[in-house]
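Good morning, and thank you for coming. Please look at the sequence and the model on the screen while I go through the main points.

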Amino acid sequence: MEILILVTGGTFDKEYNELTGELFFKDTHVDEMLNLGRNLVRTSTETLMMKDSLNMTDDDRRLIVDHCKSVKQNHIIVTHGTDTMVETAVFLNREISEKTIILTGAMIPYKFGSSDGLFNLGSALALVQTLKEGVYIAMNGRYFHPANVRKNKEDGVFEELI
């Protein structure tokens, strides 16, 4: 089994410009994170886009869906910004049922050192190998179905809807 890690941007991959104080995209950190975590699972990484999820459109979501449908891998992790991760997961869930797809991200950029990204990526790697076909979100050590989750912006976590 080979797991495709599809990079779309989000806080996960943001860099910090010390001169301007702005966050920006350069390259993905996924391969560095896999090496740091001593990953032994067969993976391939593809960068589809580097976008803040607040700027993600339905055309971007369509591109993600079409790409997931077209690849040979049946186990896919999508790195994604947390602000609209749920919307993209719902979009994917409507379109794809025959693959296992996990969306994950980070509240704090990986390059900050205190990021949750490495933990979330590791969780997503384990979950994509064990969950049945479907679309899920993996954050904070838990997994969620797209129709039953929200980002709690006050606490900075993902939680089930009640």
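Strand β7, residues 134-139, pairs with β8 in the antiparallel sense over three bridges. I should say at once that this is a predicted model. Within that pairing, Met 139 stands opposite Arg 142 in β8, and Ala 138 stands opposite Tyr 143. The two strands form a hairpin with two residues between them. In its turn, Asn 140 has a positive phi of about 60°.

On its other pairing, β7 is joined to β6 in the parallel sense over five bridges. There, Ala 138 of β7 is the bridge partner of Thr 104.

Where does β7 sit in the sheet as a whole? The sheet is open and has six strands, in the order β4-β1-β5-β6-β7-β8, with mixed pairing. The edges are formed by β4, residues 43-51, and β8, residues 142-144; each has a single partner strand, so one side of each is left without a neighbour in the sheet. Ignoring direction, neighbouring strands of this sheet are turned against each other by 25° on average.

Let me stay with β7 and turn to its side chains. Is this strand mostly covered or mostly open? It is mostly covered, with six of its six residues buried. In a regular strand the side chains alternate between the two faces of the sheet. In β7, Gly 134, Tyr 136 and Ala 138 point one way, whereas Val 135, Ile 137 and Met 139 point the other way.

Tyr 136 is a useful residue to select on the screen. It lies in β7 and has a relative accessibility of 3%; because the cut-off for a buried residue is under 20%, Tyr 136 counts as buried. What does Tyr 136 touch, leaving aside residues up to four places away in sequence? Its contacts are Thr 100, Ile 101, Ile 102, Leu 103, Leu 131, Tyr 143, Phe 144 and His 145. The side chain of Tyr 136 also reaches the backbone oxygen of Lys 132, at 3.1 Å. Thr 104 is 32 residues away from Tyr 136 along the chain, and their C-alpha atoms are separated by 8.8 Å.

I now move to the helices that lie across the sheet. Helix α3, residues 85-95, lies across β6 and β7 and runs at about 160° to β7. Which residues of α3 are buried? They are Met 85, Val 86, Thr 88, Ala 89, Phe 91 and Leu 92. The buried residues of α3 pack against α2, β6 and β7, and also against β9, residues 149-152, and β10, residues 157-160.

Helix α2, residues 58-70, lies across β1 (3-9), β4, β5 (75-79) and β6 (100-104). Its direction is at about 165° to that of β4.

Within α2, I would draw your attention to Arg 61. Is this arginine buried or exposed? Arg 61 is buried, with a relative accessible area of 6%. Its side chain makes a polar contact of 3.4 Å with the side chain of Thr 84. Not counting residues up to four places away in sequence, Arg 61 touches Met 56, Thr 84, Glu 87, Thr 88 and Phe 91. Two of these residues, Thr 88 and Phe 91, have already appeared in the list of buried residues in α3.

Finally, the chain as a whole. How many helices and strands does it contain? The secondary structure comes to four helices and ten strands, and along the sequence the pattern is β-β-β-α-β-α-β-α-β-α-β-β-β-β. The radius of gyration is 15 Å, which agrees with the value near 15 Å that a compact globule of 162 residues would have. Along the principal axes, the C-alpha atoms fill a box of roughly 45 × 35 × 30 Å.

Buried residues make up 49% of the 162 residues. The chain exposes about 8,200 Å², and carbon and sulfur atoms supply 48% of that area. Among contacts between residues at least 6 apart in sequence, 64% join residues at least 24 apart.

To return to the starting point, β7 pairs with β8 in the antiparallel sense and with β6 in the parallel sense, and its six residues are buried. Thank you; I would be glad to take questions.

Definitions and conventions
Residues numbered from 1 in each chain as written. Predicted model: local features only at pLDDT ≥ 70, side-chain atom pairs only at ≥ 80, totals over all residues. Heavy atoms only, no water. Pairing = 2+ DSSP bridges. Axes fitted to C-alpha atoms, helices over the stretch in contact; angles between N-to-C directions. Contact = heavy atoms within 4.5 Å. Buried < 20%, exposed > 50% of the residue type's maximum accessible area, 1.4 Å probe, protein only. Polar contact = N/O pair within 3.5 Å; in protein donor to acceptor, adjacent residues only side chain to side chain. Rg over C-alpha atoms; globule rule 2.2 N^0.38 Å. Areas by Shrake-Rupley, 256 points an atom, 1.4 Å probe, with all protein chains shown as cover.
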